[in-house]
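Let's walk through this fold together, one neighbourhood at a time. Have the sequence and the coordinates open as you read.

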Amino acid sequence: VGGRDFDESKFNRATQALRQVGSSFKPYVYTAAIDNGATPDDVVLDAPVTFPSASGPYVPHNYDGRFEGNITLRRALAQSRNIPALKVAQSVGIDKVIEYTRKFGITSPLPAVLPLALGAADITLYEQTSAFTTFPNDGVRVTPRYIRKVVDYDGRVLEENYPEVHDVISQSTARIMTSLLREVVEHGTGFTASKLKHPLAGKTGTTNDFTDAWFVGFSPSITCGV
């Protein structure tokens, strides 16, 4: 939904607003890791850490200010732990993460810095939702389109737009990621969505003071971003 009233504002917030994605970016980090040999049961240390950067030491924190010690990648993503996401991104390489994000169809500018792993980038809701269709679709991304088909009064097809699809990741990686994102809804930060009583998966994302708050999720047939 692009806005409440076209007379009030012509600005389409769904397709034109670049918003900071926060942790809804993390699935790209974990996809790059899984696609390059990591497994959901690999263990990463959630503990205080300092990363060197061009502007000086970078000392990240988890949103709750706590550390969980050794945890699996599955739990790290479900609970949206920041330190593990940064460590995974560092091990894969931030350039590799960006390379995967581009495969997912994200065209917005992405800074090649480690905080990108936590969503320090501005992306449109349209791009992010389109990208997430890859996971339930066995690794194939479908480009969104407004009009599927136009028929006349007698049912004759005047125009038909067929889906434009792109191979992004392997079926195996897509299914593993779908399982991890299912965990987000069942036991993690997206637990509220489980009340809908549908098979859902997805990822939350929030920036400081909830300036931006995301949920991008999917069932087997519909992908939706908020």
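Contact here means heavy atoms within 4.5 Å. Keep in mind too that this is a predicted model.

With that in hand, try Glu127, which lies in helix H5. Setting aside residues up to four places away in sequence, Glu127 touches Gly105, Ile106, Thr107 and Ser108. Is Glu127 buried or exposed? Its relative accessible area is 8%, and since buried means under 20%, Glu127 counts as buried. For a sense of where it sits, take Thr206: it is 79 residues from Glu127 along the chain, and the two C-alpha atoms are separated by 17 Å.

Now for helix H1, residues 26-35. This helix is largely enclosed by the rest of the structure, because 9 of its 10 residues are buried. The buried ones are Lys26, Pro27, Tyr28, Val29, Tyr30, Thr31, Ala32, Ala33 and Ile34. What does the covering? Quite a cast: it includes helices H2 (73-78), H3, H4 (94-103), H5 (125-132) and H6 (171-187), along with strand E9 (201-206). After H1 comes Gly37, with a positive phi near 105°.

One of those covering helices, H3, deserves its own look. Two packed helices are described by the angle between their axes and the distance between the axes. For H1 and H3 (residues 82-92), the axes come within 9 Å and cross at roughly 45°. That makes H1 oblique to H3. As for handedness, the crossing of H1 and H3 is left-handed. On the H1 side the contact is made by Lys26, Val29, Tyr30, Ala32 and Ala33, while H3 brings Asn82, Pro84, Ala85, Val88, Ala89 and Val92. Sort the residues of this contact by character and you get 9 nonpolar, 1 polar and 1 charged. An α-helix has 3.6 residues a turn, so residues three or four places apart point the same way. Keep that in mind as you go down the H1 list, which includes Lys26, Val29 and Ala33.

Step back a little in the chain and you meet Ser23, in the loop between strand E1 (18-20) and H1. Ser23 counts as buried, at 10% relative accessibility. Leaving out neighbours within four places in sequence, its contacts are Ser80, Asn82, Leu118, Lys203, Thr204, Gly205 and Thr206. You have met Asn82 already, as one of the H3 residues in the contact with H1.

Next, a strand pair. E2 (residues 43-46) and E3 (residues 69-72) run antiparallel and are joined by 4 bridges. Look across from Val43 and you find Thr72 in E3. In a regular strand the side chains alternate between the two faces of the sheet. In E2, Val44 and Asp46 make up the covered face, whereas Val43 and Leu45 belong to the uncovered one.

There is also an open sheet of 3 strands, in the order E9-E10-E11, with antiparallel pairing. E9 and E11 (223-225) stand at the edges with a single partner strand each, so one side of each is left without a neighbour in the sheet. The twist averages 5° from one strand to the next. Between E10 (residues 213-218) and E11 there are 3 bridges, and Phe218 has Thr223 in E11 as its bridge partner. H5 packs on this sheet, touching E9, E10 and E11, and its direction makes about 30° with that of E10.

Two loop residues are worth a glance for their backbone. Lys197, in the loop between H6 and E9, has a positive phi of about 60° although it is not a glycine. Asp209, in the loop between E9 and E10, is also not a glycine and has a positive phi, near 60°. Lys197 is exposed, with a relative accessible area of 72%; Asp209 is exposed too, at 78%.

Last stop: Lys103, in helix H4. Lys103 is partly exposed, with a relative accessible area of 34%. Neighbours within four places in sequence aside, Lys103 is in contact with Arg141 and Val168. And how far is Lys103 from Ile169 in space? They are 66 residues apart in sequence, yet 8.3 Å apart from C-alpha to C-alpha.

Notes: Residues numbered from 1 in each chain as written. Predicted model: local features only at pLDDT ≥ 70, side-chain atom pairs only at ≥ 80, totals over all residues. Heavy atoms only, no water. Axes fitted to C-alpha atoms, helices over the stretch in contact; angles between N-to-C directions. Parallel < 35°, antiparallel > 145°, perpendicular 65-115°, else oblique. Left-handed = near helix turned anticlockwise from the far one by under 90°. Nonpolar A, V, L, I, M, F, W, Y, C, P; charged D, E, K, R; others polar. Buried < 20%, exposed > 50% of the residue type's maximum accessible area, 1.4 Å probe, protein only. Pairing = 2+ DSSP bridges.
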